[in-house]
Structures are given as structure tokens and as C-alpha cells.
Amino acid sequence: MLVKDMTEFKKIIENIEKNKDYIRPQAFAIGIATLAQNGTLLDCYFPSPNFQTNFATAAILANVLGYKNGTHSYQLTNEQITEILSYFTPFANDGKEHANIELLKNLQKIMQNPIKNRKAIVVSFITSSENDTGPKSVPDAYLRLHLLSHRFVKPHCINLTGIFNILPNVVWTSEGAIAAQDLNLRKMEAICEGRNLVVHSIDKFPRMTDYVTPTGVRIADASRVRLGAYLGDGTTVMHEGFVNFNAGCEGPNMIEGRISAGVFVKKGSDLGGGCSTMGTLSGGGNIIISIGENCLLGANSGLGIPLGDRCTIEAGLYITAGTKVLFNNTILKAKDFAGKNDILFRRNSQSGCIEAISKANSVELNTELHNN
Ligand SMILES: CC(C)(COP(=O)(O)OP(=O)(O)OC[C@H]1O[C@@H](n2cnc3c(N)ncnc32)[C@H](O)[C@@H]1OP(=O)(O)O)[C@@H](O)C(=O)NCCC(=O)NCCSC(=O)CCC(=O)O
């Protein structure tokens, strides 16, 4: 199929989209997956995911791969890549950038030696948000994590239900993803070829920066930010900082503490060295923690309630939902302050009692640290 011109191209798209079974996906992407020796998929890299955009490209991919609707992933053959590219002939010399077309051309070259490269080209579609029940495959799970780290969606805005069961545990190395059972062989290959294969971690989630490098951020230690973290423009993550998947901050922010899975921090807030925000993945906590604007979590403090704006937690003080707090001569629980603005929590150093005081945090981020 060689498409002559734009008129023909548009007609083809119209026909594909006219099909009553076809539903535009909310997201799709073309990527490259790493395979274990036994052919299972270990990870997936999507250089330029598409979120609620590029529906013409989605339609062409759908047509060649047989996609109609729902959440599906496909491994592409060389023939399919050639066929897909043939639809885009009218765009060949239009002087514009077409990320998906460029990507396919590059992937075609890589696929000239797929066995040696242990790679597969994949396309993943995610169904419309109202029908989305969570990731169905490794490429699908990786696409969702990419969408978060590319800032297309904020934490909690894409369904990640069941992601732990979908993602394999992988050995992350200086040569990318390796299956645990393949490690000895790969190590020996590397030694024989004069390379030093280094293991960084054994985990279901890789480092974000190996897949996505968001603009306007500084990350002192890349191993502390997992793929699926959302880091807004102007975020600085220092060595003690950590950001889990489906979690992050709006930017600008100073992150020297831990942002647990599910936690989101609004702009201007500062997480002091070693502080903790309670997650909901393990340990029984079920309140989703969030932090409003311009808050300060002191060094080694801890937070187990959602905070409003301009709140402060004294260095070293851990506030859990049930912590009894003295406020205006009344004992309340910390959860009674959920979402309230301008509260300072401190442990009275004379009585030992935890106090809440109405006081707006006046500490501001040092702008020099957040301008890139
Ligand atoms: C709790 C606060 C916020 C309080 O500070 P404030 O500026 O509001 O108050 P202040 O001016 O210090 O004190 C006002 C009055 O309250 C008293 N006061 C203060 N704290 C008190 C306490 N716990 N118990 C009883 N009284 C207390 C003071 O003595 C003073 O009393 P008088 O009126 O009688 O004089 C602070 O102590 C704090 O913990 N700040 C966090 C800073 C932080 O950790 N930043 C992150 C940096 S991260 C970092 O540096 C990295 C390091 C690392 O990696 O660990």
C-alpha cells in the first residue's frame, strides 16, 4: 500500500475511524522491548508516547495490527513496520517533524538483528479512560509509567490496578534489563568481550532517568526516582530524596525526603532531609497523603495525613492519623487537621505534648536552586 497524497491518507483514516467497532485509544505508543532468552518481555522503552493525540497514526497502526478498541499490545514484524511506514509516504518531504514516523524508521534498523539485540518492537494501546481497568501486559504497564513521568497524567489519573502482578522482577544492569535466569550467561558473555556488567538493582521498577528525562529537574541520585514518578518543572531531588511510581510533585519543589507511592506534593513545598510521607502500598495505611502548596516538612519528620497549604511539621516529629494533638486547649486527632491550611505541628519540648498551632509557614524555596 503506497499512499499517494494527503487526500488519500485522510480518506484512509476516515474509513478506519468510521468503523463502528473502532474507538480512539486514550494513549498509544511505539516502543522497544527487551526480551529474556525464553522470549518473555522484561521492559519496554517508549521514546515518545502519545496521549489523547496523533489519532491518525493510531488509526494506521490499528489498521495494520487489527486493533479495534480496548487495551492491547502487539509485537511488530519487520513486514508490519514496512507496511505502516508505507502509509506515511505523503509526509516524507513535508519539512515537519513526525516523532512516530522517525521512531519506526529507527526501530526498523535495530530490527535487522533482533536476536543479537534481544529486542522486540511493540505497540501498545490504552483504551478510553472510562473503560480502563488497568494494565494488561508488560508494554501496557510501561506505557502507563511513561505517561506519568512524561507529565501527560498526574498521579492517580491513570489506572495502575494490578501493576505488581504484571511487571516481572528484573535484574537492572549497566546493559539494561536482564532476566534473573539469564544473568550468569550474560555476565560471562560480557567478561569474554571485555565489558564489566554491573548490577544496579533487582526490582520490578527501573530508574526513571533510564527511560524519561523530564525538563527542568535536577536529580542528585538517579536510583532514587522510579519510572512512573511525576516530577514537575523546577523539581530538585537531593540524594536523600526518593520518589516512587504514581507519586511526585507539581514543581518547583525541594525534595530531600521520601515521596511514597500515591503521594502528591503541590508547588513550593519543601520536604526536608530524610522525612517520610506515608504510602498506601503496604503497612495498612489507607488515607491518601497529599501536601498542599508552600509547606515545610522538617528534616526527619513524618506525615500520615493530607496537609493543606502553608503547613509545617517540626523537624523530627512524626504525625500519624491517630496522633493526639493539643489545639486551643482541646485534644484532637491529627486527622482532624486533614487538608487544613496554616497549621504548625510541633512537639512541645517542655511538656512532650504534640501541639498544633495556627501559623502559616513562611519559609520560601531558594529560587536559585530551582532555576535550571
Ligand atoms: C518547628 C519549627 C518550624 C519552628 O520554627 P519557627 O521559626 O516557627 O519558630 P521559632 O522562631 O524557632 O520559635 C518560636 C518560639 O517557639 C519556641 N519553640 C520552637 N519550637 C518549640 C518546641 N518544639 N517546643 C516548645 N517551644 C518551641 C521557640 O523557643 C520560640 O519561643 P520564644 O518565642 O519564647 O522565643 C522549627 O523548629 C523546625 O523544625 N523547622 C524545620 C527546619 C527543617 O528541618 N528544614 C529542612 C531542612 S533539610 C536539611 O537541612 C537537610 C539536613 C538533613 O539531611 O538532615
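This is a walk through some helix packing, a ligand site and a few unusual backbone spots. Keep in mind that the model is predicted.

Let's start at the N-terminal end with helix α1, which covers residues 6-18, and helix α2, which covers residues 55-65. Their axes sit 9 Å apart and meet at an angle of about 70°. Angles from 65 to 115 degrees count as roughly perpendicular, so that is the label for α1 and α2. The handedness of this crossing is left-handed. If you want to pick out the contact in your viewer, select F9, I12, I13, I16 and E17 on α1, then F55, A56, A59, I60 and N63 on α2. Sorted by class, the residues of this contact come out as 8 nonpolar, 1 polar and 1 charged.

Now stay on α2 and look at what it does with helix α3, residues 78-87. Here the angle is about 140° and the axes are 10 Å apart. The cut-off for roughly antiparallel is over 145 degrees, so α2 is classed as oblique to α3. This time the crossing is right-handed. From α2, the contact uses I60, L61, N63, V64 and L65, and α3 answers with Q80, E83, I84 and Y87. I60 and N63 may ring a bell, as they also take part in the contact of α2 with α1. The class count for the contact of α2 with α3 is 6 nonpolar, 2 polar and 1 charged.

One step further along, α3 packs on helix α4, which runs over residues 99-110. The axes of α3 and α4 are 10 Å apart, at an angle of about 150°. That value is past the 145-degree cut-off, so α3 and α4 are roughly antiparallel to each other. Their crossing is left-handed. On the α3 side you'll find N78, I81, T82, I84 and L85, facing I101, L104, K105 and Q108 of α4. I84 of α3 is a residue you have already met, in the contact with α2. By class, the contact of α3 with α4 holds 5 nonpolar, 3 polar and 1 charged residues.

Next, jump to the ligand. What surrounds it? There are 15 residues around the ligand, and the closest are A299, E314, A315, R347 and K359. Some atom pairs here deserve a zoom. A299 brings a backbone N or O atom to 2.7 Å from a ligand oxygen atom. With E314 the side chain is involved: one of its N or O atoms is 2.7 Å from a nitrogen atom of the ligand. R347, in turn, places a backbone N or O atom 2.8 Å from a ligand nitrogen atom.

Right after A299 in the numbering comes N300, and here the backbone does something to look at. N300 isn't a glycine, yet its phi is positive, at about 60°. You'll find N300 in the loop between β20 (296-297) and β21 (302-303). Q52 is another non-glycine residue with a positive phi, near 50°. Q52 belongs to the loop that links β3 (50-51) and α2, so to speak on the doorstep of the helix described above.

Last stop: where is there a cis peptide bond? One joins G251 and P252, with omega at about 0°. P252 is located in the loop between β13 (247-249) and β14 (253-255).

Methods
Residues numbered from 1 in each chain as written. Predicted model: local features only at pLDDT ≥ 70, side-chain atom pairs only at ≥ 80, totals over all residues. Heavy atoms only, no water. Axes fitted to C-alpha atoms, helices over the stretch in contact; angles between N-to-C directions. Helix = DSSP H or I, 4+ residues; strand = E, 2+ residues; numbered from the N terminus. Parallel < 35°, antiparallel > 145°, perpendicular 65-115°, else oblique. Left-handed = near helix turned anticlockwise from the far one by under 90°. Contact = heavy atoms within 4.5 Å. Nonpolar A, V, L, I, M, F, W, Y, C, P; charged D, E, K, R; others polar. Near = heavy atom within 4 Å. Polar contact = N/O pair within 3.5 Å; in protein donor to acceptor, adjacent residues only side chain to side chain.
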